[in-house]
There are 2 protein chains.
Amino acid sequence: MPELKIESGSGMQANVEPLQLGKRLREIRKSLNLTLEEASQKTGLARSTLSKIENEQISPTFTAVQKLANGLQIDIPQLFAKPRTTMASGRRVLTKSGQGTPHPTSTYEHELLSTDLARKKMVPFKTRVRARSFDDFDDWVRHEGEEFLLVLEGELALYTEFYEPVAMVAGDSMYYDANMGHALVSLSETDALVLWIVAR
Amino acid sequence: MPELKIESGSGMQANVEPLQLGKRLREIRKSLNLTLEEASQKTGLARSTLSKIENEQISPTFTAVQKLANGLQIDIPQLFAKPRTTMASGRRVLTKSGQGTPHPTSTYEHELLSTDLARKKMVPFKTRVRARSFDDFDDWVRHEGEEFLLVLEGELALYTEFYEPVAMVAGDSMYYDANMGHALVSLSETDALVLWIVAR
DNA sequence: GGGAAATATTTCCTATACGCTATTTTATTG
DNA sequence: CAATAAAATAGCGTATAGGAAATATTTCCC
């Protein structure tokens with residue numbers, strides 16, 4: 001399959017230079033290896049209509065754009081946005097079980113599940129919360145961003161600033177604003193295991 | 001690769017819900033303290049046209065949208081983007097095991113682990129990949145953002161566009177750019193269970 | 001509340017987007 | 001290279017977006 005090409009010279013404001021929607025759409029369709037006929041099936045728009053849009057012979061209505069976005073699985077802001085410079089396209093990092101980068105602290109034992117994290121949107125950990133860790137709990141953790149956690153093993157309590165603490169068992173998950181003070185303590189005799197993801 | 005058509009209601013897609021462009025535009029115009037007449041002057045579109053667009057009586061062409069964006073000094077991606085306002089400080093959402101919002105498709109069974117997801121940075125799923133789902137695999141999934149996944153149960157293969165497929169077992173995790181085509185298939189006789197997080 | 005000014009909506013006409021079918025162009029195969 | 005298939009484009013009728021002016025609605029005085 002062909003490489004997804006990314007425009008380089010698009011200005012940041014859409015009004016500065018007139019965003020070549022048709023060209024963009026053609027590139028996307030090509031990168032998906034679709035013919036006009038196939039794209040037509042997926043989007044519900046006629047072959048000829050797609051052709052005209054791509055050749056900038058007509059200016060699609062917003063409903064047409066919606067059908068396009070839905071059918072080709074592209075989201076609309078992305079369609080109009082200037083190309084972002086993120087992680088190089090085609091990158092992936094596999095972490096085999098237990099092979100993450102260790103990161104121990106007194107209460108927790110973090111295992112970083114993805115390297116090269118500077119440019120990423122999320123930072124995934126697998127964290128072992130030591131048994132009976134309540135004594136070590138003195139102050140809230142608090143930082144920018146949002147967190148998601150899923151209990152993999154054991155039982156623990158999540159303390160959060162504006163709420164009562166909540167007990168969690170394997171399978172339970174929590175999503176919260178990391179600016180709100182938070183802390184995890186194990187309730188069980190054995191360690192608890194948690195998947196922990198932080199987004200900036 | 002075998003034949004199958006693409007699900008349009010996968011829930012990971014950004015544009016499943018209608019997106020009320022007209023309502024949005026009216027809000028913007030009001031917030032700028034502009035009358036239809038003034039907006040008309042700035043955009044070059046007729047009063048009546050603006051009115052119809054705001055009342056969703058017509059679907060503006062892309063050229064009309066460009067004029068609007070130009071005249072009112074808004075950039076187009078922003079116009080279509082969902083409200084990016086971060087979650088109100090101090091918020092949290094607990095999801096007990098098995099109590100997420102179900103979201104079934106032909107190959108996968110998604111359980112959404114956090115409600116009110118539009119404003120969040122991450123969208124967490126727990127996904128059951130049906131046993132022997134290989135036959136259903138037709139085309140890459142591809143969208144804006146980055147994904148992290150952790151295998152909770154079973155064995156499966158992650159196919160990614162620029163690499164060889166990789167086999168994963170419980171405890172293995174993967175971080176990748178979602179613009180790169182990707183697809184998960186189960187290798188085992190039983191279903192596989194995966195934690196899946198998408199960041200925009 | 002009545003009247004006038006400001007603002008928004010509706011009407012009607014013209015311009016153009018969209019779909020169907022025909023035609024041209026590009027790719028494939030012997 | 002010819003013949004054929006596949007894909008993209010063009011032509012034309014119909015549906016709908018866009019603009020000018022008329023009508024309706026709201027706002028603001030007194």
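Of the 25 residues around DNA strand C, which come nearest? They are Ser48(A), Lys52(A), Thr61(A), Arg26(B) and Leu36(B), and sugar and phosphate account for 63% of the atoms of DNA strand C that come within 4 Å of the protein. The model is predicted, and the points below take up the surroundings of each DNA strand before turning to strands in chain B.

**Around DNA strand C**

- The surface near DNA strand C draws at least two residues from each of H3 of chain A, helix H1 (21-31) of chain B and H3 of chain B, and by class its residues are six nonpolar, 12 polar and seven charged.
- Two side chains reach bases of DNA strand C: a polar side-chain atom of Arg47(A) lies 3.3 Å from a base nitrogen, and a polar side-chain atom of Lys52(B) lies 3.3 Å from a base oxygen.
- The backbone also takes part, in that an N or O backbone atom of Leu36(B) lies 2.7 Å from a phosphate oxygen of DNA strand C.

**Around DNA strand D**

- DNA strand D has 25 residues around it, of which Arg26(A), Leu36(A), Ser48(A), Gln57(A) and Lys52(B) come nearest, and these surrounding residues divide into six nonpolar, 12 polar and seven charged.
- Among the atoms of DNA strand D within 4 Å of the protein, 62% belong to sugar or phosphate, while the rest belong to bases.
- A backbone N or O atom of Leu36(A) lies 2.7 Å from a phosphate oxygen of DNA strand D, whereas base nitrogens of this strand have a polar side-chain atom of Arg47(B) at 3.4 Å and one of Ser48(B) at 3.0 Å.
- The elements giving two or more residues to this surface are helix H1 (21-31) and helix H3 (47-54) of chain A, together with helix H3 (47-54) of chain B.

**Strands in chain B**

- An open sheet of three strands in chain B follows the order E7-E6-E9, with antiparallel pairing.
- Strand E7 (166-169) and strand E9 (182-186) of chain B each have a single partner strand, so they stand at the edges and one side of each is left without a neighbour in the sheet; the twist from one strand to the next averages 30°.
- Strand E6 (residues 155-160) of chain B is joined to E9(B) by five bridges, and Leu158(B) stands opposite Leu184(B) in E9(B).
- Strand E3 (residues 108-112) of chain B is mostly covered, with four of its five residues buried; five bridges join E3(B) to the antiparallel strand E4 (residues 122-129) of chain B, where Arg128(B) stands opposite Glu109(B).

Definitions and conventions
Residues are numbered from 1 along each chain as its sequence is written. Chains are lettered from A and ligands numbered from 1 in the order in which they are written. This is a predicted model: local features need pLDDT of at least 70, side-chain atom pairs count only at pLDDT 80 or more; totals for chains, interfaces and linings use all residues. Side-chain values use heavy atoms; hydrogens and water are left out. A residue is near a molecule or strand if one of its heavy atoms lies within 4 Å of it. A polar contact is a pair of N or O atoms within 3.5 Å; within protein, one must be able to donate a hydrogen and the other to accept it, and residues adjacent in sequence count only if both atoms are side-chain atoms. Ala, Val, Leu, Ile, Met, Phe, Trp, Tyr, Cys and Pro count as nonpolar, Asp, Glu, Lys and Arg as charged, and the others, Gly among them, as polar. Two strands pair if DSSP finds at least two bridges between them. Axes are lines fitted to C-alpha atoms, for helices over the stretch in contact, and angles run from 0 to 180 degrees between N-to-C directions. Buried means under 20% relative accessible area, exposed over 50%, partly exposed in between (1.4 Å probe, protein chains only).
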